[in-house]
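Colleague: Please take a close look at one part of this model and tell me how its residues are placed. I would like the cut-offs stated along the way.

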Amino acid sequence: MMMLRPQNTPDRPLVSFIITTFNTEPTMLRCCIDSIRSLSFGGERREIIVIDDGSDRPAINELLDISDDIIYLRQRNQGISVARNRGTDMASGCYIQFVDSDDSLLRPAYEHCLDVARRLQPDMVGFAFTHRQCASVQKDVNGPFDGADYMLRHSIKGAAWGYLFKKELLNGLRFRSDFDRYAEDEEFTALLVLRAKRLFTTSAKAYFYRQHPHSVIHHLGKRDLIKRQVNTERAVRYLQERLASLPNPERLALQRRIAQLSMDYLYNTARLTHSLTRLDKACERLRAHGLFPLPEQEYTRKYALFRRLCNTKWGRRIIIAATFR
């Protein structure tokens with residue numbers, strides 16, 4: 001393990017930016033880091049932590065000219081969950097922001113999120129993303145919301161990078177180390193939102209989610225499809241195990257999230273396999289754990305329609321037919 005840390009650091013940065021990288025194309029990694037370095041922090045300082053998860057060629061080789069501005073740690077390859085956990089352990093900032101190494105922050109919109117953090121002292125700030133490197137800046141702010149109440153009434157984003165959050169909110173919460181690449185965020189993000197008492201949201205598109213041929217979402221061979229679905233099912237079951245230990249408001253909110261993820265899991269089974277047999281088997285696996293039929297709730301119109309269709313054999317045939325393009 002190798003670690004490089006800047007010589008001069010403040011007592012408590014406002015934000016620790018945690019970047020995990022594994023064989024990321026150097027220009028993308030540099031673009032990611034530069035998008036953070038370009039932010040104007042005024043008197044406050046920021047902390048950039050780069051966790052190199054055993055890249056074939058150490059990422060620091062391409063970052064020597066900015067090594068005084070980052071904290072760099074190289075570990076043996078253990079996956080994004082272990083890398084993120086190590087980053088949060090190292091972070092000294094009041095807030096934490098995850099950034100994938102092939103993505104970047106969009107300065108005008110993200111500055112708005114920082115302004116919300118400075119002015120309103122939130123537990124979390126949720127923001128939007130875009131697939132474009134430039135986007136119009138929306139400066140709306142909604143909240144504060146209690147996290148459980150918000151989750152009960154809204155469909156939340158599962159990606160951990162979609163939130164700026166206080167480090168103290170973690171209080172022992174970790175990414176599960178047995179997840180690799182797919183669905184590693186789902187349990188973590190849902191439980192994090194439940195802990196927030198002052199959640200603010202904005203439609204500002206502050207995160208550039210890059211789509212390129214080497215990104216995880218494009219690696220969808222048969223083995224990857226299976227891994228993605230297996231991990232999603234595990235995430236749903238892990239969340240279900242948490243229900244019994246939660247008080248009623250949090251339990252009801254998490255039940256909605258579990259139902260939504262179960263719907264997504266079944267829909268993606270249909271979309272990715274186009275197989276009625278596999279969809280039927282997925283329903284039966286959920287049924288064995290008390291997760292199917294989906295709860296009779298009217299969370300959203302899409303959910304209500306899917307629930308009704310999925311509960312019958314003919315309805316599942318319609319779902320399979322609708323996923324062909």
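Modeller: What follows is about helix α7 and its surroundings.

This is a predicted model, in which local features need pLDDT of at least 70 and side-chain atom pairs count only at pLDDT 80 or more, while totals for chains, interfaces and linings use all residues. Residues are numbered from 1 along each chain as its sequence is written, and side-chain values use heavy atoms, with hydrogens and water left out.

Helix α7 covers residues 248-273; helices here are DSSP runs of H or I with at least four residues, numbered from the N terminus. The largest nonpolar core contains 93 residues, and Y110 and L266 have the most contacts inside it. Helix α7 supplies the largest share of this core, 9 residues. Such a core is a set of buried Ala, Val, Leu, Ile, Met, Phe, Trp, Tyr and Cys residues joined through side-chain atoms within 4.5 Å. Buried means under 20% relative accessible area, with a 1.4 Å probe and protein chains only.

Contact means heavy atoms within 4.5 Å. Not counting residues up to four places away in sequence, L266 touches L279, A282, C283, L286, F292, F306 and C310. M263 is also found in helix α7, and it counts as buried because its relative accessibility is 5%. With the same sequence neighbours left out, M263 touches L294, K302, Y303 and F306. F306 is thus among the contacts of both L266 and M263.

The loop between α7 and α8 holds S275, which is buried at a relative accessible area of 18%. Leaving aside its neighbours within four places in sequence, S275 is in contact with A270 and I320. A polar atom of the S275 side chain lies 3.1 Å from the backbone nitrogen of R278.

R278 leads on to the second largest pocket, where I226, Q229, T273, R278 and R285 are the closest to the centre among 13 lining residues. A pocket is found on a 1 Å grid over the protein atoms alone, as an open set of points where a 1.4 Å probe fits, with protein on both sides within 12 Å along at least five of seven lines; lining residues have an atom within 4 Å of a point. Its volume is about 270 Å³, the space filled by probe spheres set on the points, which are joined across faces, edges and corners. Helices α6 (222-242), α7 and α8 (276-288) each supply at least two lining residues, and α6 gives the most, with 6.

How values were computed:
Buried means under 20% relative accessible area, exposed over 50%, partly exposed in between (1.4 Å probe, protein chains only). A polar contact is a pair of N or O atoms within 3.5 Å; within protein, one must be able to donate a hydrogen and the other to accept it, and residues adjacent in sequence count only if both atoms are side-chain atoms.
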